[in-house]
Amino acid sequence: MIDLKALRDNPERFAQGAQKKNYSVDIDALLSLDERKRALQSEQESMRAEQKKLSKESGPKLGQLMGKLKNAEGEERAAIEAEVQSIKSAPAQLKEKIAELDEQINAIEPELRAILLSIPLPPDDDVPVGKTSDDNVEISRWAPEGWDYGKSFEQNKGFKARSHMELCEMHGLVDFPRGVKLAGSRSYILCGDGMRLHNAILRFAIDTMVNSHGFTPMSVPVLVREEAMVGTGFFPGGKDQAYEVNESTRGGGSDMYLTGTGEVGLMGLHQDEILDESEFPKKYVTVSTCFRREAGAAGKDTAGLYRIHQFDKVEQVIIDVADETKSRAHHKTMIGIVEDLLKSLGLPHRLLQCCTGDLGVKNADMVDIECWMPSRGEVDADGTPSGEFGETHSASRLYDFQCRRLNMRYREGGESGKGATTFCHSLNNTVAASPRILIPILEMYQNEDGSVTIPEALRPYMNGDTQIG
RNA sequence: GGAGAGGUGGCAGAGCGGUUGAAUGCGCUGGAUUCGAAAUCCAGUAUGGCCUCCGGGUCAUCGGGGGUUCGAAUCCCCCCCUCUCCGCCA
């Protein structure tokens, strides 16, 4: 959520930000609703103040009168009763008017909130302006010794690549038909060495985060309330991408949502809290199953492990003070961690600076990391794919957009009483998402006979095995 | 799933229809005392919105939402959550 005050001060900045991100939002409508609401509110407040004053006076007065009434007779009694009546009826008009204003304010509220939630965080000035992911800008690329991006897979390795689907079938690593039978399209079953490799990468990723980078490992809910989805910025915009569990229709309980990323659980953790600055930066890592409906992706990446409804992901999150310099530094750190991880796995990859059009509502800046996947890309005359980078990681810098929605603050100058509360800054990045990451692992580590060498870094998690098949 | 008890400030805990944004204790901050510290004493100590002549003013908030009332932390209804006992269970 953006800061409404900041919007009032500088609506142009948010209008331009939305435009750069390709979002159409009615800022003028928001401002006029806001202005109207504030006018109504202050009118109502002065009436409430009056009402409060009256009732503060009438309390003791009524007490006295009721006391007198006990001993009063005849005319005196009637007089007292009349006074009691007049005291009681005095605020009636106020009450009516207040209720009326209340109604008007309540009528404005939902629309105001809906627009406010939909206004994106303006991208940083150094983010390249662009419309779609085609306008993203490559920052750098890396490849292990022996891999030349200028050459085809065959030229590099001396044999034609098999796709990860072929390799999975060959070694019985993934059962697609039974996955579909069990759970519908975009479903799969990891089997035997496929499951072992999947587990190995997740364990390697989380161990690296905990042992080498000091992140605190967490296990968080993947089935959460709507507030957590709204708070983390996924709703209302991404509501059609989440699976919904309609508990309310079963009588009692509230509807829940399956999270598409561990970020929701990690960030939702401190919702509505005032955090202790001395504990900053908070660095969390989780491994969680992620659920995505992939609505609107029909026909896209239908085969294989690339775009699926359910997967497991190790996710990192950093929460710190509201300081742009620190946020930027954390962003670099989190990206660096992934680069090191991919290097230790020997996977060719590149860093991609996402353009404004590719950022989404909540990001001021986003860097994607893509691994080289030989089975993707254009297919030539004899059916050989060119190979292409495929997204495996995404590092977001959000400033206070998310924490504002989550109402997650800290007290400046530390502890106790003193200092204003400020919304925290948050960042997140993938560490490893599997089985998608199995695509480059299997395809890049395949040998001519179809066997797959296990990357050295994963062998400790594979009982020392060096090869599949 | 059944039965019961609860949710009040950073924490503990009172209040159960009126001047209560809320006693008291602990914690925390500042000051006094002290060579210094402990102890003691004094003062301060919630969050958010709106307005502001920047002195402050004002409203909301006692789990959340409705209602009763001139007036609700206090009474009523719905929801959420926690705890205890029983049942079931990885």
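Reader: Which strands does helix α9 lie across, and at about what angle does it run to β16?

Author: Happy to start there, keeping in mind that this is a predicted model. Helix α9 spans residues 192-213. It lies across β4, β9 (282-291), β10 (310-320) and β16, and its angle to β16 is about 145°.

Reader: At about what angle does helix α12 run to β16?

Author: Helix α12 covers residues 324-344. The strands it lies across are β1, β10, β11 (349-353), β12 (365-373), β13 and β16. To β16 it runs at about 10°.

Reader: What is the order of the eight strands in the open sheet?

Author: Good thing to trace on the model. The pairing in this open sheet is mixed. Its eight strands follow the order β1-β11-β12-β13-β16-β10-β9-β4.

Reader: Why is one side of β1 and of β4 left without a neighbour in the sheet?

Author: Look at the two ends: β1 (137-142) and β4 (216-218) stand at the edges. Because each has a single partner strand, one side of each has no neighbour in the sheet. The reason, then, is their place at the edges.

Reader: Which residue in β16 stands opposite Arg397?

Author: Begin with the two strands: β13 has residues 388-397 and β16 has residues 425-434. They pair in the antiparallel sense over three bridges. Opposite Arg397 stands Leu427.

Reader: Is Gln316 buried or exposed?

Author: Gln316 lies in strand β10. Among the residues it touches, leaving out those up to four places away in sequence, are Met209, Tyr284, Met334 and Leu427. Phe215 is another residue it touches, and although the two are 101 residues apart along the chain, their C-alpha atoms are separated by 8.0 Å. Since its relative accessibility is 0%, and the cut-off is under 20%, Gln316 counts as buried.

Reader: Which residues have the most contacts inside the largest nonpolar core?

Author: This core has 60 residues, and its largest share, eight residues, comes from α9. Leu458, one of those asked about, is in contact with Leu197, Ala200, Ile201, Phe204, Leu345 and Ile441, leaving aside its neighbours within four places in sequence. The residues with the most contacts inside the core are Ile201, Leu347 and Leu458.

Reader: How many residues are in the second, separate core?

Author: You can find this one through some of its members. They include Met1, Ile2, Met47 and Leu121. The second core has 35 residues.

Reader: How wide an arc do the buried residues of helix α2 cover around the axis?

Author: Helix α2 is made up of residues 11-20, and its buried residues are Phe14, Gly17 and Ala18. In general, an α-helix has 3.6 residues a turn, so residues three or four places apart point the same way. Here the buried residues are on the same side of α2, because their arc is only 95°.

Reader: What phi does Asn22 take?

Author: Asn22 comes just after α2. Its phi is positive, at about 70°.

Reader: Which residue in β7 is the bridge partner of Glu244?

Author: This takes us to an open sheet of three strands, in the order β5-β7-β6, with antiparallel pairing. Its edge strands are β5 (223-225) and β6 (244-245). Two bridges join β6 to β7 (residues 256-258). The partner of Glu244 is Tyr257.

Reader: How far apart do the C-alpha centres of domain 1 and domain 2 lie?

Author: Let's step back to the whole chain. Chain A is divided into domain 1 (26-118) and domain 2 (133-468). Their C-alpha centres lie apart by 53 Å.

Terms used. Residues numbered from 1 in each chain as written. Chains lettered and ligands numbered in written order. Predicted model: local features only at pLDDT ≥ 70, side-chain atom pairs only at ≥ 80, totals over all residues. Heavy atoms only, no water. Domains from an automatic or database assignment. Pairing = 2+ DSSP bridges. Helix = DSSP H or I, 4+ residues; strand = E, 2+ residues; numbered from the N terminus. Contact = heavy atoms within 4.5 Å. Axes fitted to C-alpha atoms, helices over the stretch in contact; angles between N-to-C directions. Core = buried A, V, L, I, M, F, W, Y, C linked by side-chain atoms within 4.5 Å. Buried < 20%, exposed > 50% of the residue type's maximum accessible area, 1.4 Å probe, protein only. Arc of directions from axis to C-beta.
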